[in-house]
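User: I am new to this structure and would like to learn how to read its features one at a time. Could you take me through it slowly?

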Amino acid sequence: MARYGMALDYKNCINCKACEVACKEENGILLGADKHRIWVGVNDVAGEWPNLDIVSATFQPSQCQHCDDAPCQEVCPTQATFTNEHGVVLVDSDKCILCTYCMTACPYDARYVDDRTMTVDKCTFCTDTRLARGETTTACQNTCPTKVRTFGDLDDPESEISVLLRTREHFSLKENLGTKPKLFYLM
Amino acid sequence: MQVEVSRRRFLQGTVAMSIVGGSAVSATNLFASSEKESHSGVPKSITTKTGTGEATEVATLCEMCVNKCAAVARVENGVVTKLNPNPMFPKSRNMLCPRGNAGIQALYDPDRLKFPMIRIGEKGEGKFKRVSWEEAYEAILNGTDKFPGMAKILEEEEDNRSSFLFCAGEGMAEHTYKQFFLAFGSANWLNHGSICLQTVSSAYGVTLGAYPQADLDNAEYIIMAGANRAEAIVTPDTMDAFKRTKGRGAKLVCIDPRFTNTAAKADKWLAINPGTDLAFVLALTYVVITEELYNKKYVEENFNGFDDYKKSVLEEKYTPEWASKITGLKASDIYEVAREFMAHAPRSVYYPGRRSTFANSDFQLRRAMAIFQGLGGGIDAKGGLVFGKKLKLGKHAGVEPLYAQAEARAVEKVKKREKGKAPYTDCAIVTGGGSWLTWRNRYIENRMPYKVRGMFVYKHNPMMNMPNTKKTAEMLKKMELVVTIDTMPSDTVMYADVVLPEATYLERTDPVKTFAGVEPSIAQRNKVIDPMFETKPVMEIMKGLTEKISKPLWEITKKFDEDVQEELADATKSTIGENNETVAPTKTLAQAEAELYKDFDLTIPFRHTQEEVNEHMVKSVYGEEAVKSLHEHGVFYPDMDKYYKPISVNMHQYYPENKKYYTVNGGRPKTRSKKVECTIGSLAKKGIDPFPKWKDEYEFKVEEGKFRLLTGRHAQFTQSGTANNAVLRDLIMENYVWINRRVATQKGIKFGDMIEVSSEIGSTRLKAYPTEKVAPHTIFFVHGFGEESEALTWAYKNGGNDNAVIKDVTEPVYGAASMHETNVEIRKV
Amino acid sequence: MKLHDYVPYRENISFGFEKTPVTIALAGLTIGLILFYLYGVFNFFAHGHHAYNVTREHPWGFLVASYEFFVAVAMGSIVTAASGIFFDLHVIKPLIKRLLVFGLLSLFAGFTAFLFEVGHPVTMVIYTALSGNATSALFWLGVFYPMFMLFSMLTFISYAEKVGPTKIFALFAIIFANSSVLTAGSIFGLLNTRLFSSGIFYQIEFMATAILGGIFLLTLITVMFGKDEFIEAVVALKKVSIALLSLLLIMYIVRYLTGIYGSVPGKVEAIQHIYQSTNFIVFELGLGIVLPLFVAAFGSQTKIGAFCIASFFGLVGIMFSRINLVEGIQVVPLQTMKIKEYQEVPSLITSYTPSITELGIGIGAIGVFILFMFIADRVLELDDEL
């Protein structure tokens, strides 16, 4: 069974936010400042004009990390948050009771409340849209102008993502919390 | 916008709407959410979720900006639910930027123009009445009690076709619209050139023969000055450059007065004083000349007039130390850039840029940049500036008659022509696209050589796109007949007399287009869904309009045009035969008229559908398989089936490396002489320096307490065209003015405070964004906000309008708008 | 089998009460709070979850704090009473029935707050049973609290009607009460992401404040209902409270010091923000710990008037300790980068204030609780037959 993850060549990111729009269009997400599944983190540049610290001005795209050891799944009382057979962490909105325990447990601010169902929502790696149709790319990966993202099967040693992770240094966010995130930032 | 609508017609409209899409996701739902609801004033949901059921996929080309990226539209139940990148187009390389994805909202924008309208209130009030297309055409031809029609104007102006101004913004259907302009016979054409890239494209044109592209996929050293590819996305440059910076194959030096996203992605950022780039380039030239770093062999073989330029650079002593004082850069940085550039040449690129003119020295700056590039030898070469190849297309029928009564273009020659000075009051050279600002200013100052009384506007928003909004409003009010063809009720549409609603790019097939480059191709926009409401593509609009006006205007031509009268007289008079007998005329007057009319028939360019025209243009050169490919995949180029293959999950090969067109002219410029034209004598005759020279008036000066206003782009907006797009506004709600953080603290300005920015010509208000990304003597805010059209629900009075404040300064060569020459004051309100 | 065999209700039920200034003020306050509660409930049904001020970054609000407050008081009351049964504590005997009932009522009040906090209570009941998740503290809450409630009721009925194995019920009531409170504390303690609460502190703090809550409630009841026969118990429990309050005081001091020692990012900002705020220093520490400790230790050994006032402030302090807890775990933003160009860099999330609806339901529930206590006192036979 494929185990999905995503590698991000984040130095390519130009903060155009095409991924944010594509995600909302593909998955029918509500508009609104806090209703986003994915985002691009922007560091305020350090220094004083004209001696600005270019290196501090990184753009860091982020979203649900689909952790192998997901704290959100640990704390959900009704198993509304679960991991499917592909390692994708999903929310069954029929079972979600909106206790928002997962929102306090998630270290990555990945979750938000969908106003239409009043349940918790987050990135699904396009499971019920693109992947359900047999496509092999997520909306965010597909649209990116500088091709930051590579989505694929981590358990397949010949997949492009596996090759990337074998040959390039990478890090993940908040690794010290032991969540085993499946988003890898290539250095 | 108040619209008086007859109840029957309104109901008809809603019935037509609901037939589109029967599922839960339907067009009616999408439009129902136009109310400002929820807690932040943003509509609850106008995004559609894609489904797993049946869908059709249509290949189209995006029109949210000028790049024409190839997209595939997914249609479910008659509703466009997603726009995906089309991987087969070499130019856009399988991507869609945020605006490309948001094209769905442009299609389903609740505020979009839905039916033709004619003005019933005062000009600029925005009071219109809904009419049918037939009534709209009638109003254009014969006017109403509120405004005159074309027939009356032409009659009074004795068939002076130039009494009508035609202006347009860039778009694939602009070509179709221009056919109307050419057939109509006016000499007054104004487009976005003079408020966009006129200086850069012409400067490279006269120096290198053509406006080149940059091979950023292979360049090792790139200087990007004043170009912001991370936010002003250009394909494929943006796609290529940022994958290779930060130690991954290319070094990018970003030179910009403010710290843009491009600077954030660069390896080095030099904070230059606005408008002083010319000094920088002259200093670079000085260094490579004195240190003998330039490619001497290349210059010897491929430069014209280099010695004069070299002499000037050395005599004027354009040293880095001299430039440092003017530009604010360190001399050591200038030396370093010059040396590094030449070390990597010919795989070095001084990126030409594309943007609007920022300073009066712009023409000379671009010439200096082109020449400097030539000094490295990286012209028509891999890793340098390239011209690429252009795949040709067949031609199609058009009409371009000559009207005897049509006056020449409305420019003003100087009364006393002096040698070595500009021949026109506007500028030195008048190009095809003209000089909008000077034309407009002369028009409102009554300095036109004849009366211009009407104008046609297509996909163009003068009220927002050019400096000094007040004067633009004056011009529109003064024009007696203003016909706008647009998709949205923009600020300019509010000043129209007749409004014709165009179908958006997803609702029409547009002229097939050839895209030149290292990997050339032909691409076609295919209609995704039928036009909604009563909108029509330009082809059909022109068809209907010309069918209505062609014959009546021909009558006027016959009445006043002496050449036509002469021709008719010749064709119908008796001739003297060989034996001195009178030979009866072969044709009757009616027959002669009918034959002559074929040259003046305005309907000719619009007889066929766009699909038929495209097929003809492609089939004649490439055959049936190309037509099929363009229809199915939207893209075609020879050997595509052999060459196009995926090389990774994200990237594709379009042409094998050895088939790419890096060098098409033997490594030489495309000028007629095949040499870099360093010194151009003919420029001197018109009062322009024959080679780049520095003038004191180019220096950067800001008075104490004032700030230089800069304008520019964000990746999420295309000027003013996307201001009403709900999904894009979700990313950036409004524009903010960048003020240096220390200056803001000193003035007691915090994030979000309302600021009034004012100059001699006007003021605007927007919120403050204190940041160190801009110098203490400079402020910046992004262009395209602050609309005054009430019909635009989300754009209305949202943010600040830079053109309300920017002075209409023009540079002297083409009369292009210099957008960074305004000093402003700010205060907290 | 008559109802009277299982529920000890009175023969003559009258709702009159002695009209002293204190009781009239109390009645007025109760009615005011109930109206506030109804207003909050009405608002909730009109606007749903949007009536709350909770946001994506701050998903837990005042209702969580209110719920934790009520269940703490419930646990304290019932454990005190059940201990009195199980350990044959003579001095507590007169209080047992009242404490059991009032504890149960406090539990119900807490549950209403919880039911309004959770978005889909019906779904919760169904799926916690069908697909419960053993690693979730909330799931175990859903296991232990019903058991706690069940055994408390059984203990009461068994004790009041003298049927069944009272001591065994009491024992289980104590066990499940402790399990519930430990689980409630674990909700916060097991959040590895939130360094403010992760660890063992809140499990223990909950236990201590719960018992204290019971003691404070008891003192207030003694004075409110004029039960002189309880004074002996209160005096004895005062001494217990000294131990607990001292423990809590030491815990807070040590926690503050370890929290700021070494400036661990994510922890130090939260600890400093909370522990240096008036909410903590004045209300939680001052009124909630120091004042009762002082009064209990140095006040009269026989009279409880001063201690009653201190109890009131002690309960206020416990409420504020819950508020500070909910604040503390959410004050440090998890996303420290900007996500839009035109915004300020995320700093501490201090902008949350409870909405009127939240306050209405959370604080108004106190009024409901007082009303229920009053009704219970009048309807049920809660005094020992002498």
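Analyst: What follows is a conversation about a predicted model, beginning with confidence and then turning to the overall form, one sheet and the contacts between chains.

User: What is the mean pLDDT of chain B, and where does the pLDDT fall below 50?

Analyst: Since the model is predicted, the confidence is a careful place to begin. Chain B has a mean pLDDT of 91, and 95% of its residues reach 70 or more. The pLDDT is below 50, however, over residues 1-30 of chain B, a stretch that nevertheless has 39 contacts in the model beyond near neighbours in sequence. Residues 32-44 of chain B also stay under 50, and for them the model has 23 contacts beyond four places in sequence.

User: How many helices and strands does chain B have, and what radius of gyration?

Analyst: Chain B contains 28 helices and 32 strands. Its radius of gyration is 28 Å, which agrees with a compact globule, because a globule of 829 residues would have a radius near 28 Å. Taken along the principal axes, the C-alpha atoms of chain B fill a box of roughly 85 × 80 × 60 Å. Of the 829 residues in this chain, 57% count as buried. Among the contacts in chain B with a separation of 6 or more, 74% are between residues 24 or more positions apart.

User: Now for a sheet: in what order do β2, β3 and β4 of chain B lie, and is the pairing parallel or antiparallel?

Analyst: In general, the strands of a sheet pair through backbone hydrogen bonds, in either a parallel or an antiparallel way. Here the 3 strands form an open sheet in the order β2-β3-β4 of chain B, and the pairing is antiparallel. The edge strands, each of which pairs on one side only, are β2 (56-61) and β4 (79-85) of chain B. From one strand to the next, the twist averages 30°.

User: Which residues stand opposite one another in these strands, and is β3(B) mostly covered or exposed?

Analyst: Between β2(B) and β3(B), which run antiparallel, there are 6 bridges, and Thr60(B) has Ala71(B) in β3(B) as its bridge partner. Strand β3 (residues 70-76) of chain B is likewise joined to β4(B) by 6 bridges, again antiparallel. Across this second pairing, Ala73(B) has Leu83(B) in β4(B) as its bridge partner, while Glu76(B) stands opposite Val79(B). As for burial, β3(B) is mostly covered, with 6 of its 7 residues buried.

User: What do β3(B) and β4(B) form, with how many residues between them?

Analyst: They form a hairpin with 2 residues between the strands, and Asn77(B), in the turn, has a positive phi of about 55°.

User: How many residues of chain B are in contact with chain A, and how many of chain C with chain B?

Analyst: For chains A and B, 51 residues of chain B are in contact with 41 residues of chain A. Strand β4 of chain B, already met in the sheet, supplies at least two residues of the side that touches chain A, as does each of α3 (98-101), α9 (237-241), α10 (261-265) and α27 (726-731). That side of chain B divides into 27 nonpolar, 15 polar and 9 charged residues. For chains C and B, 4 residues of chain C are in contact with 4 residues of chain B, and the side of chain C that touches chain B has 1 nonpolar, no polar and 3 charged residues.

Key. Residues are numbered from 1 along each chain as its sequence is written. Chains are lettered from A and ligands numbered from 1 in the order in which they are written. This is a predicted model: local features need pLDDT of at least 70, side-chain atom pairs count only at pLDDT 80 or more; totals for chains, interfaces and linings use all residues. Two residues are in contact if their C-beta atoms, placed from the backbone, lie within 7 Å. Ala, Val, Leu, Ile, Met, Phe, Trp, Tyr, Cys and Pro count as nonpolar, Asp, Glu, Lys and Arg as charged, and the others, Gly among them, as polar. Helices (H or I, at least four residues) and strands (E, at least two) are DSSP runs, numbered from the N terminus. The radius of gyration is taken over C-alpha atoms; the globule rule is 2.2 Å times the number of residues to the power 0.38. A residue is buried if 20 or more other C-beta atoms lie within 10 Å of its own, exposed if 12 or fewer, and partly exposed in between; C-beta atoms are placed from the backbone. pLDDT is the predictor's confidence in each residue, from 0 to 100. Two strands pair if DSSP finds at least two bridges between them. Axes are lines fitted to C-alpha atoms, for helices over the stretch in contact, and angles run from 0 to 180 degrees between N-to-C directions.
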